[in-house]
Amino acid sequence: MLKGKYCNSLTEYSRYFTREVIIGNVPMGGSNPIRIQSMTTTDTMDTIATVEQSIRMINAGCEYVRITAPSLKEANNLAEIKKELSKRGYNVPLIADIHFTPNAAEAAARIVEKVRINPGNYADKKRFDQMEYTASEYQAELERIYKKFSPLVKICKEYGTAMRIGTNHGSLSDRIMGYYGDTPRGMVESAMEFMRICEDLNYYNLVISMKSSNPQVMVQAYRLLVETMNAEGMNYPLHLGVTEAGDGEDGRIKSAIGIGTLLEDGLGDTVRVSLTEDPEFESPVAEALAKRYEKRKSSVSSPPSSVSGLPSSFSPYEYQKRQTAEANVFIGGHQVPRVVADLSDKELKDPKILSDTGYDYSVLLDKFNMGEQSVDFVYLGDKLPSFAMPGNLKQLYNYETWKKLTDKANCHPLFSLKEYVKADLKDSALNLVKVQNADLEGEDFNQLEPDKTLVFVLETGKEHGMADQRQFFFKMLEMGIDIPVIIKRSYPDKEFSGQIGNLMDPEEPVSKLQLYAATDIGGLLVDGFGDGMWIDASALPTKVIVTASFGILQATRSRISKTEYISCPSCGRTLFDLQETTQMIRSRTDHLKGLKIGIMGCIVNGPGEMADADYGYVGTGPGKITLYRGKEVVQKNVSSENALNELIEIIRQDGNWIEPQ
Ligand code: SF4
């Protein structure tokens with residue numbers, strides 16, 4: 001197993017040092033700041049609309065503007081767009097987004113500062129024609145690609161144009177799929193084939209990306225890319241992004257898990273957040289993610305030679321859930337990660353307070369109704385509720401308060417480590433103990449007796465907290481300790497208080513919490529760590545915290561509580577209003593827990609990019625939609641008025657439809 005050279009440090013924040021790449025007047029990589037970029041959604045042939053949208057994006061913080069160039073005519077029109085932008089005083093580097101067509105790429109490379117190609121479909125139109133390759137057939141394919149690709153490389157060299165080799169998990173070539181499968185290794189090899197050709201032609205102005213709509217796959221692929229580049233003496237800058245992340249809170253959380261996890265490890269030279277929203281909303285989110293690291297001290301700036309501290313049973317390139325013992329058949333083992341809501345500063349006089357935690361109280365029936373997003377624990381600290389709690393909601397009390405409870409049914413103690421080792425009374429079912437990474441070196445930890453009722457609540461006071469908590473998990477793996485762990489992160493009132501404002505603004509406290517918690521806790525969940533999560537942000541409403549918690553679990557696919565939408569950000573190829581259509585589909589299907597529905601703007605890239613969606617709604621022409629079951633076309637060119645009803649009918653025929661309540 002390849003291991004351990006994907007970042008500078010697993011404990012300290014340290015940015016991975018990459019080669020500086022020249023992209024017009026905004027260089028990337030090396031010691032340059034993490035650059036922010038985004039992509040237009042207008043028709044590239046509409047020069048004025050594209051220019052005006054680009055200006056809105058630039059004013060929102062975008063440092064490179066990417067524009068789709070599906071064919072030669074759009075590629076040529078980039079010259080008009082560039083001219084008009086310059087006339088209006090904007091000289092931001094432009095990037096041409098190319099799929100399939102070498103002649104568009106070759107024209108664009110003479111006009112703009114950077115071209116992006118997808119190695120899965122550059123010069124490759126066929127799909128699934130041949131899935132098995134002998135070594136000589138594979139070699140012949142590489143030679144064919146060399147011939148098709150080298151003219152573009154030569155033009156880029158001549159014109160000083162940069163290039164992004166952007167692998168997409170959903171659109172790997174037949175050659176790669178046949179040889180490596182739909183895996184992070186396949187994604188990496190897909191880019192490496194093209195990178196080796198570039199180096200063979202002495203062209204080094206490259207940026208690389210490994211995108212997927214699944215943050216876990218994306219994180220593994222980038223890590224493996226760095227490991228592989230490192231082994232071949234390459235250190236090209238990394239463009240980070242999660243594709244088809246969707247919109248609103250889900251889109252932000254999914255993006256933060258993928259992008260934030262890598263930024264934590266010092267990887268990433270430019271960030272693009274893909275949201276199914278107007279593109280000017282993307283850059284502020286990307287900026288909020290990147291800005292967090294400006295403050296962190298970065299000591300190491302040389303290429304990584306080795307990374308120590310990875311346990312032998314852990315691979316950063318494959319998902320494996322940490323095996324834990326099941327404490328009281330409720331947490332750990334095969335159970336889904338549990339969610340804790342903190343009500344310790346709330347008045348507990350009215351049962352309706354629990355509606356924010358997913359328990360709706362009916363006065364008429366004197367009953368609580370649970371939903372898919374009902375929390376598993378409430379932490380009450382030293383507060384005693386003056387109403388009967390729902391039978392399936394576990395209550396956590398500070399140890400001293402718990403000790404005094406006369407009725408302890410469903411009530412469990414939360415200890416400090418010291419309290420626990422000295423405690424004369426413990427719960428027969430569940431004992432939660434607060435620990436930090438540094439405690440593993442202490443005397444109190446050594447005195448812990450293995451116990452099936454024990455669950456750790458892992459806290460951190462470190463700024464580089466994700467790595468600190470990850471160290472705890474690594475050490476637990478090495479020590480062979482299988483006690484379940486709830487990951488707790490605290491977000492201070494001074495940074496996360498204030499009125500709830502515009503949720504599109506990532507500096508708004510709720511949005512900021514979503515991004516930070518998704519990075520901090522999601523980054524551990526994608527590596528298989530954590531049997532539960534607890535976001536402590538007392539300045540924010542409980543409902544917001546609970547929704548974010550379930551959103552993070554959903555995006556890491558560790559606990560599914562709702563429908564997942566994989567919707568593309570739209571671009572000049574989009575054949576319908578993506579935002580409106582996504583909302584329309586969501587309004588009829590958001591009760592279908594666990595289903596993944598792809599909503600894609602065009603048939604050229606949509607089917608590939610919706611990756612592992614269960615159903616797909618893909619634009620095929622003006623007013624025409626093609627419906628998919630997985631990768632299979634079920635209905636072609638349905639009119640857009642009927643398409644949603646038809647999609648629901650397909651879901652119904654498959655036995656996956658339930659009536660909304
Ligand atoms: S799938 Fe969406 S973003 Fe991708 S090329 Fe098609 S319309 Fe553009």
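Student: In this predicted model, how do you know that strand 19 and strand 20 count as paired?
Tutor: Strand 20 covers residues 596-600 and is joined to strand 19 by four bridges, the two strands running parallel. Pairing asks for at least two bridges, so the four found here make strand 19 and strand 20 a pair. Across this pairing, Glu564 stands opposite Lys596 of strand 20.

Student: What makes the sheet with the order 19-20-21-22-23 an open one with edges?
Tutor: The five strands in that order form an open sheet with mixed pairing. Strand 19 (564-567) and strand 23 (632-639) each have a single partner strand, so one side of each is left without a neighbour in the sheet, and these two strands stand at the edges. Neighbouring strands here are turned by 20° against each other on average, with direction ignored.

Student: Which helix lies across strand 23, and at what angle does this helix run to strand 23?
Tutor: Helix 20, made of residues 640-653, lies across strand 20, strand 21 (615-621), strand 22 (624-629) and strand 23, and runs at about 150° to strand 23.

Student: In what order do the strands of the barrel close, and what is the sense of their pairing?
Tutor: Eight strands close into the barrel in the order 9-12-13-14-15-16-17-18, and their pairing is parallel. On average, neighbouring strands of this sheet are turned by 25° against each other, direction ignored.

Student: How do you know that strand 16 and strand 17 pair?
Tutor: Strand 16 (residues 454-459) and strand 17 (residues 485-490) share three bridges in the parallel sense, and since at least two are required, the three bridges qualify them as a pair. Phe456, for example, has Val485 in strand 17 as its bridge partner.

Student: Which helix lies across strand 9 and strand 18?
Tutor: Helix 17 (residues 542-555) lies across strand 9 (338-342) and strand 18 (532-536), running at about 145° to strand 18.

Student: Why are two residues of the shell around the ligand called charged?
Tutor: Among the residues around the ligand are Arg573 and Glu609, and because Arg and Glu belong to the charged class, these are the two charged residues of the shell. The rest of the shell divides into three nonpolar and five polar residues. The space that the ligand takes is the largest cavity.

Notes:
Residues numbered from 1 in each chain as written. Predicted model: local features only at pLDDT ≥ 70, side-chain atom pairs only at ≥ 80, totals over all residues. Heavy atoms only, no water. Axes fitted to C-alpha atoms, helices over the stretch in contact; angles between N-to-C directions. Contact = heavy atoms within 4.5 Å. Near = heavy atom within 4 Å. 1 Å grid on protein atoms, 1.4 Å probe; cavity = no way out; pocket = protein on both sides within 12 Å on 5 of 7 lines; lining within 4 Å. Sits in = over half its atoms within 2 Å of the grid points.
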